[in-house]
Each structure stands twice: as C-alpha cells, then as structure tokens.
Amino acid sequence: MDLSSYLYRLYHKTPLMIKTNLGLTNDIYEVYLDNQKYALRVPKNDIAEHFNPDEQVIFEAIKAWDVDAEEVLYDPSTRLRMTKWIEGAVNFQDCQDQDKYERAAVLIKKVHQHDLKIDYHFDPYKMYTAYKRDIKKPLMAYDKFENLFDFYAQDKRLSFCHNDLVAGNLLFTASKDYLIDFEYAGMNHPLFDIMSFISENSIDDPRLRKRIYLTYFGFNPGKDLLQQLSIVEASQNLLWAAWANMLYDIRNDSIYHEIFLDKQEHLLRGQI
C-alpha cells in the first residue's frame, strides 16, 4: 500500500512520513499533517491471523477510560490506525521516575476495574499452539513445559486484559500516564497482565515486585498467590518463546532470536 497516497485521499494533503524503529509486529511512522504530529500503525500482514479480529470494538470501549492515545483514524479493513503523537512521553524502560512501577500497576488495575466484557478470548494455550503450529525449526523442546497451561483450565477467572505490557506500550509524561497498543487485548486471566508487565520488563528484583503487587492488590501476596503468579509468569515465557521462534522462522530477523533466548533463559531459570 502507498501510505502517502492513502492519507492524501483522506486529508487532501501530502503528509510528511518518517518510519521509526518502533514496533515488532507493526511498522510505526511519524506523520506530520497541518502542523500536527501523529503516530501511524501499519500492521505486518504475515501474522495478522494471530491478532484480535475485531479490535475496533475495544478501541470504542476504551475511549472513555482516558488511558490510550487519542485516535484520529482507524481502518478496520487494513487495521491501519493513527493517533495523536504523545509529546514528551517516555516509555517504561527510559523513564527515570522512581515511582514508575507503581504508576504502571495503577494503569493495569484501571483497565481491569472497568470490567469490560467482549467476545474475544485471549486464551494463552490456544495462542501458544497457534504459534507452535507455525514453527518450522523449533529452537527448544516445548512439550516438556506445556503443563504450565493447565493453570488456566483450573482457574477460569477472566478480566479484560491488555496482554502485551512491553516497555513501549507504557508511556509516561509529566502530567499523564498512557497504556497503548491494544491489538492483543481480550478476555484473559487477570494475573496474566501483572506478570506480562513484570516478565516483559525483566523486573527480577523481589523488592520491586513487592511494590508492584502492593499497588495492584493492596496487600502483599501470600504463598498461594505467589505460586499462581510464578506459574503465570512461566507460562508467558513459554508462550512468547514460541511467538519469537515463529517470527524468527518467518522473518529471519535476529531480534526475534534474541527475544527467544531471553524467554528461554527465564523459563529455565524458573524451573530450577
């Protein structure tokens, strides 16, 4: 698709577009129109089947929550989405504020407290089997860890979850915090989001984890809850290891091999 022509047909002006190095499953562009700056998300079509097929329902629902960037364009046929650029924002990794852990936990809790119900279910085991099915060259023996997903069959609690709390999806400014990129969002076990944030950002320090738990739960987890959190974390490392392995097969890009190795390392460490 000629993106510049596409936007010209909509706005009758030629935009200035700069491709960024942001995004793994999408290409992200800086777009300048009428002295305004926007972020344009362009999905990579080689794994489109693995995303929520009706994410427009989510975007409509969360507008009132005041957590996402302001949307100016969404095309359901192509999944192109343009939002206003969040000026002065830094992601979780780059943020130097000491309270960023608590602020992230507040955002997660805010999403869960809205108690949104949608038809799409982000089932970790089904997602895992879909990724594993598309792997041509397995980089590890996945089967020996698959019992981790038994947890979701035994504990069927569901909340609307973001499901992809990488550093770049948590943005902080001096006046407001944002949670963006809901393309993996759907109904899931609420503990998934907490451990998504912790595992995706390699928060291994028990003291930092305790601060996150205290903000989200309002108390320090006991032995049983800590065990559940540990299982959910390990299942995510297996899930995203398979995802990275799949994309490494498809795109032969070293970034996915690096992600796989990181997830594998954390998975094996958790099994010791």
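A search of the whole structure finds zero disulfides. The model is a predicted one. Two cysteines can be placed by their accessibility. Cys95 counts as buried, at 4% relative accessibility. Cys161 is buried too, with a relative accessible area of 0%.

**Salt bridges**

Side chains of opposite charge can pair when their charged atoms come close. How many salt bridges does the structure hold? The count is 28. Three of the pairs are listed here.

| Pair | Closest N to O distance |
|---|---|
| Arg79 and Glu55 | 3.1 Å |
| Lys63 and Glu60 | 3.3 Å |
| Arg103 and Asp97 | 2.8 Å |

Take Arg79 and Glu55, whose closest N and O atoms are 3.1 Å apart. This pair links distant parts of the chain, with the two positions 24 residues apart in numbering terms: they are 24 residues apart. Arg79 sits in the loop between strand 4 (71-75) and strand 5 (80-84). Glu55 belongs to helix 2 (residues 55-62). Are these partners buried or exposed? Both Arg79 and Glu55 are buried.Lys63 and Glu60 also meet through their side chains, at 3.3 Å from N to O. Glu60 is partly exposed, and its relative accessible area is 45%.

In the pair of Arg103 and Asp97, the closest N and O atoms are 2.8 Å apart. Arg103 is buried, with a relative accessible area of 16%. That value counts as buried because the cut-off is under 20%. Asp97 is partly exposed, with a relative accessible area of 39%.

Salt bridges also join into a network. Its members are Asp204, Arg209, Glu233, Glu265 and Arg269.

**Around Glu233**

Glu233, one of the residues in that network, is found in helix 8 (residues 223-251). Glu233 counts as buried, at 11% relative accessibility. Which residues does Glu233 contact, leaving aside its neighbours within four places in sequence? They are Met195, Ile198, Ser199 and Arg209. Arg209 is also a member of the salt-bridge network. Ile194 is 39 residues from Glu233 in sequence. In space, the two C-alpha atoms are 8.9 Å apart.

**Around Lys263**

Lys263 lies in helix 9 (residues 254-270). Lys263 is buried, with a relative accessible area of 3%. Its side chain makes a polar contact with the side chain of Glu200, at 3.2 Å. What else does Lys263 touch, leaving aside its neighbours within four places in sequence? Besides Glu200, the contacts are Ser199, Asn237, Trp240 and Ala241. Ser199 is also in contact with Glu233.

**The hairpin**

Strand 1 (residues 16-19) pairs with strand 2 (residues 26-33). The sense is antiparallel, and the pairing runs over four bridges. Which residue in strand 2 is the bridge partner of Lys19? The partner is Tyr29. The two strands form a hairpin, with six residues between them. Gly23 is in the turn and has a positive phi of about 90 degrees.

Conventions
Residues are numbered from 1 along each chain as its sequence is written. This is a predicted model: local features need pLDDT of at least 70, side-chain atom pairs count only at pLDDT 80 or more; totals for chains, interfaces and linings use all residues. Side-chain values use heavy atoms; hydrogens and water are left out. A salt bridge is a side-chain nitrogen of Lys or Arg within 4 Å of a carboxyl oxygen of Asp or Glu. Buried means under 20% relative accessible area, exposed over 50%, partly exposed in between (1.4 Å probe, protein chains only). Two strands pair if DSSP finds at least two bridges between them. A disulfide is a pair of cysteine sulfur atoms within 2.5 Å. Contact means heavy atoms within 4.5 Å. A polar contact is a pair of N or O atoms within 3.5 Å; within protein, one must be able to donate a hydrogen and the other to accept it, and residues adjacent in sequence count only if both atoms are side-chain atoms.
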